[in-house]
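Got your viewer open and a hand on the mouse? Let's walk through this one stop by stop, selecting as we go.

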Amino acid sequence: MIVCVCKSVSDRQIKACLDAGANTMEDLQIDLGVALCCGKCGPYVQEMVSGATPCCGRSCGGCCQSARIETTTEVVFAQRDLALAA
């Protein structure tokens, strides 16, 4: 899914960058250019950053925090779908 329309950055690219060692919003802005133009993707990217630093210190996919990202993403999509249906 494209997260940053301005720079055509997908959630997979952001996750890969986080897996490679980026751990702040500033890191992602430098590496991918997210949230530098219109800024609408900023809150979502920040949630990805917050959830991608689990208890072990890296985004391994098996920690307690990784499950939180999945749940948060599902809630965001459910809220968006409800808003679109209204």
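Start by selecting Ala 35, which sits in the loop between α2 and α3. (Helices are DSSP runs of H or I with at least four residues, strands are runs of E with at least two, and both are numbered from the N terminus.) Check its backbone: phi of Ala 35 is near 60 degrees, a positive value in a residue other than glycine. Ala 35 is also buried, with a relative accessible area of 18%. Here "buried" means under 20% relative accessible area, "exposed" means over 50%, and "partly exposed" is in between, using a 1.4 Å probe and protein chains only.

A quick note before we move on: this is a predicted model, where local features need pLDDT of at least 70, side-chain atom pairs count only at pLDDT 80 or more, and totals for chains, interfaces and linings use all residues. Residues are numbered from 1 along each chain as its sequence is written, and side-chain values use heavy atoms, with hydrogens and water left out.

**Zoom out**

Now show the whole chain as a cartoon. You should find four helices and two strands, arranged along the sequence as β-β-α-α-α-α. Of the 86 residues, 30% are buried. The accessible surface comes to about 5,400 Å², and carbon and sulfur atoms own 55% of that; the areas come from the Shrake-Rupley method with a 1.4 Å probe, and for residues only the protein chains shown count as cover.

Which contacts join residues far along the chain? Take the contacts between residues at least 6 apart in sequence: 36% of these join residues at least 24 apart. A contact, throughout this tour, means heavy atoms within 4.5 Å.

**The strands**

Select Ser 8, in the loop between β1 and β2. Like our starting residue, Ser 8 is not a glycine, yet it has a positive phi, of about 55 degrees. Step along to Ser 10, which lies in strand β2. Ser 10 is buried, at 14% relative accessible area. Leaving aside neighbours within four places in sequence, Ser 10 is in contact with Met 1, Ile 2 and Val 3.

**Helix α1 and its buried face**

Next, select Asp 11, Ile 14, Cys 17 and Leu 18: these are the buried residues of α1. Turn the view until you look down the axis of α1; the buried residues fall within an arc of 125 degrees, so they line one face of the helix. (The arc is that of the directions from the helix axis to the C-beta atoms.) What do they pack against? Their partners are β1 (2–4), β2 (9–10), α2 and α3 (42–51). Before leaving, click Gly 21, just after α1, where phi is positive at about 125 degrees.

**Two helix pairs**

Colour α1 (residues 11–19) and α2 (residues 25–32): they pack at about 115 degrees, with their axes 11 Å apart. The axes are lines fitted to C-alpha atoms, for helices over the stretch in contact, and the angles run from 0 to 180 degrees between N-to-C directions. On the α1 side, show Gln 13, Ile 14, Cys 17 and Leu 18, and on the α2 side Leu 28, Asp 31 and Leu 32, since this is where the contact is made. By class, that gives five nonpolar residues, one polar and one charged. (Ala, Val, Leu, Ile, Met, Phe, Trp, Tyr, Cys and Pro count as nonpolar, Asp, Glu, Lys and Arg as charged, and the others, Gly among them, as polar.)

Now colour α3 as well. α1 and α3 pack at about 35 degrees, with their axes 11 Å apart. Asp 11, Ile 14, Lys 15 and Leu 18 of α1 meet Val 45, Met 48 and Val 49 of α3. This contact divides into five nonpolar residues, no polar and two charged.

**Last stops: Val 49 and Met 25**

Select Val 49, in helix α3. Is Val 49 buried or exposed? Val 49 is buried, with a relative accessible area of 5%. Not counting residues up to four places away in sequence, Val 49 touches Leu 18, Asn 23, Thr 24, Met 25 and Leu 28. Try a distance too: the C-alpha atoms of Val 49 and Asp 27 are separated by 9.8 Å, though the residues are 22 apart along the chain.

Finish on Met 25, found in helix α2. Met 25 counts as buried at 11% relative accessibility. With neighbours within four places left aside, Met 25 is in contact with Ala 35, Gly 42, Val 45, Gln 46 and Val 49, which brings us back to Ala 35, where the tour began.

Key. The arc is that of the directions from the helix axis to the C-beta atoms.
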